[in-house]
Amino acid sequence: MSSILRTTDLKKYYGSGETTVKALDGVNFSVEDGEFVAIVGTSGSGKSTLLHMIGGLDRPTAGKVEVSGKDIFSLKDDELTIFRRRKIGFVFQNYNLVPVLNVYENIVLPVELDGNQVDQKHLDSILQTLGLDQKTGRLPGELSGGQQQRVAIARALASKPAIILADEPTGNLDSKTSQDVLGLLRITSNKFLQTIVMITHNEEIAQMADRIIRIEDGRIATSSYEKEGR
């Protein structure tokens with residue numbers, strides 16, 4: 001297996017002098033191709049900052065993030081935007097669907113923005129796996145929270161990214177729906193050999209991953225495999 005994601009001495013500081021806040025203070029870890037990793041931490045631990053760095057949504061104070069062997073912060077802003085659209089899929093707590101577009105249009109939007117043709121066979125497989133094949137004409141407002149999050153997962157998968165970053169993906173869902181959505185993430189990780197990094201504060205949800213990385217005060221505290229044989 002090869003590392004699809006690697007961070008090297010990653011730091012993000014806010015402020016200066018005595019008021020400096022070290023949101024990330026030298027984070028080193030890697031994620032293997034096809035792995036499902038949960039990053040767990042309390043509020044203020046640095047986990048959301050870490051996700052923003054991995055996803056190229058914010059630039060670090062120091063250190064490197066490599067995705068598919070590319071140092072993403074060596075790219076200019078416009079190059080980084082293109083790289084992010086092609087290589088990184090996002091699943092947010094609030095779904096971030098476009099309300100005036102139907103399910104199908106929401107899912108294919110990133111692919112079309114990149115000027116590419118949709119891989120219909122791949123998309124059909126995603127829709128069937130996520131139980132959305134009968135919902136493609138619906139608007140987001142006509143769907144439940146769980147269904148909207150399924151659409152967000154499908155959108156992230158459609159462009160065949162190197163990695164999917166899921167930021168508290170079940171934060172707005174009840175416990176049963178959370179388990180359903182997490183089960184589908186697990187299935188899609190296996191079926192499409194998709195690398196997933198999930199941020200969560202929920203220990204129970206984290207158990208669904210292959211490996212749990214705990215972050216405290218901007219540093220990696222522990223890293224452990226949940227499944228035997230890894």
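Which residue of β8 is the bridge partner of D167? Let us look for it in a set of close-up views of this predicted model.

**View 1. Strand β8 pairs with β7 and finds D167 a partner.**
The residue we were looking for is I199, the bridge partner of D167 in β8. Strand β7 covers residues 163–167, and four bridges tie β7 to β8. The two strands run parallel. Strand β8 also meets β3 (residues 36–40), again in parallel, and here five bridges make the link. In that pairing, V40 has T200 of β8 as its bridge partner.

**View 2. Strand β8 is covered on both faces.**
Here we stay with β8, which spans residues 196–200. In a regular strand, side chains take turns pointing to one face of the sheet and then the other. On one side of β8 you can find I196, M198 and T200, and on the other V197 and I199. Are these residues buried or exposed? Every one of them is buried. Because five of the five residues of β8 are buried, the strand is largely enclosed by the rest of the structure.

**View 3. Six strands make an open sheet with mixed pairing.**
Step back a little to see where β8 belongs: the strand order is β6-β7-β8-β3-β9-β10. The edges are β6 and β10, each of which pairs on one side only. On average, neighbouring strands in this sheet are turned by 20 degrees against each other, ignoring direction. Towards the β10 edge, β9 (residues 211–216) and β10 pair in the antiparallel sense, over six bridges. One pair to look for is I213 with its bridge partner S223 in β10. Helix α5 packs on the sheet too, touching β6 and β7, and its direction makes about 175 degrees with that of β6. Helix α6 lies across β3 and β8, running at about 160 degrees to β8.

**View 4. Helices α5 and α6 lie side by side, roughly parallel.**
Helix α5 covers residues 145–158, and its axis comes within 10 Å of the axis of α6. At what angle do the two axes cross? They cross at roughly 15 degrees. Angles under 35 degrees count as roughly parallel, and α5 and α6 are therefore described that way. Their crossing is right-handed. From α5, the residues taking part in the contact are G146, Q149, R150, I153 and L157; from α6, they are T177, V181, L184, L185 and T188.

**View 5. K176 is an exposed residue of helix α6.**
Helix α6 runs over residues 175–191, and K176 is part of it. Because its relative accessible area is 58%, and over 50% counts as exposed, K176 is classed as exposed. Now compare sequence with space: K176 and G146 are 30 residues apart in sequence, yet their C-alpha atoms are 9.7 Å apart.

**View 6. A four-stranded open sheet has helix α1 lying across it.**
The strands of this sheet come in the order β2-β1-β4-β5, with antiparallel pairing. Its edge strands are β2 (21–32) and β5 (70–71), each pairing on one side only. Strand β1 (residues 3–14) is joined to β2 by nine bridges. Among the partners, K11 is matched with D25 in β2. Helix α1 (residues 47–54) lies across β1, β2 and β4, and runs at about 60 degrees to β2. Which residues of α1 are buried? They are K47, T49, L50, L51, M53 and I54. With six of its eight residues buried, α1 is largely enclosed by the rest of the structure. After α1 comes G56, with a positive phi near 70 degrees.

**View 7. S68 and N96 have a positive phi without being glycines.**
For S68, phi is about 55 degrees, and the residue sits in the loop between β4 and β5. S68 is partly exposed, at 36% relative accessible area. For N96, phi is also about 55 degrees, but its loop is the one between β6 and α3. N96 is partly exposed as well, with a relative accessibility of 44%.

**View 8. Confidence varies along the chain.**
The chain averages a pLDDT of 91, and 97% of the residues score at least 70. Where is confidence lowest, and where highest? The lowest mean, 83, belongs to strand β10 (residues 219–225), while β4 has the highest, at 96.

Terms used: Residues are numbered from 1 along each chain as its sequence is written. This is a predicted model: local features need pLDDT of at least 70, side-chain atom pairs count only at pLDDT 80 or more; totals for chains, interfaces and linings use all residues. Side-chain values use heavy atoms; hydrogens and water are left out. Two strands pair if DSSP finds at least two bridges between them. Contact means heavy atoms within 4.5 Å. Axes are lines fitted to C-alpha atoms, for helices over the stretch in contact, and angles run from 0 to 180 degrees between N-to-C directions. pLDDT is the predictor's confidence in each residue, from 0 to 100. Buried means under 20% relative accessible area, exposed over 50%, partly exposed in between (1.4 Å probe, protein chains only). Angles under 35 degrees count as roughly parallel, over 145 as roughly antiparallel, 65 to 115 as roughly perpendicular and the rest as oblique. A crossing is left-handed if the near helix is turned anticlockwise from the far one by less than a right angle, and right-handed if clockwise.
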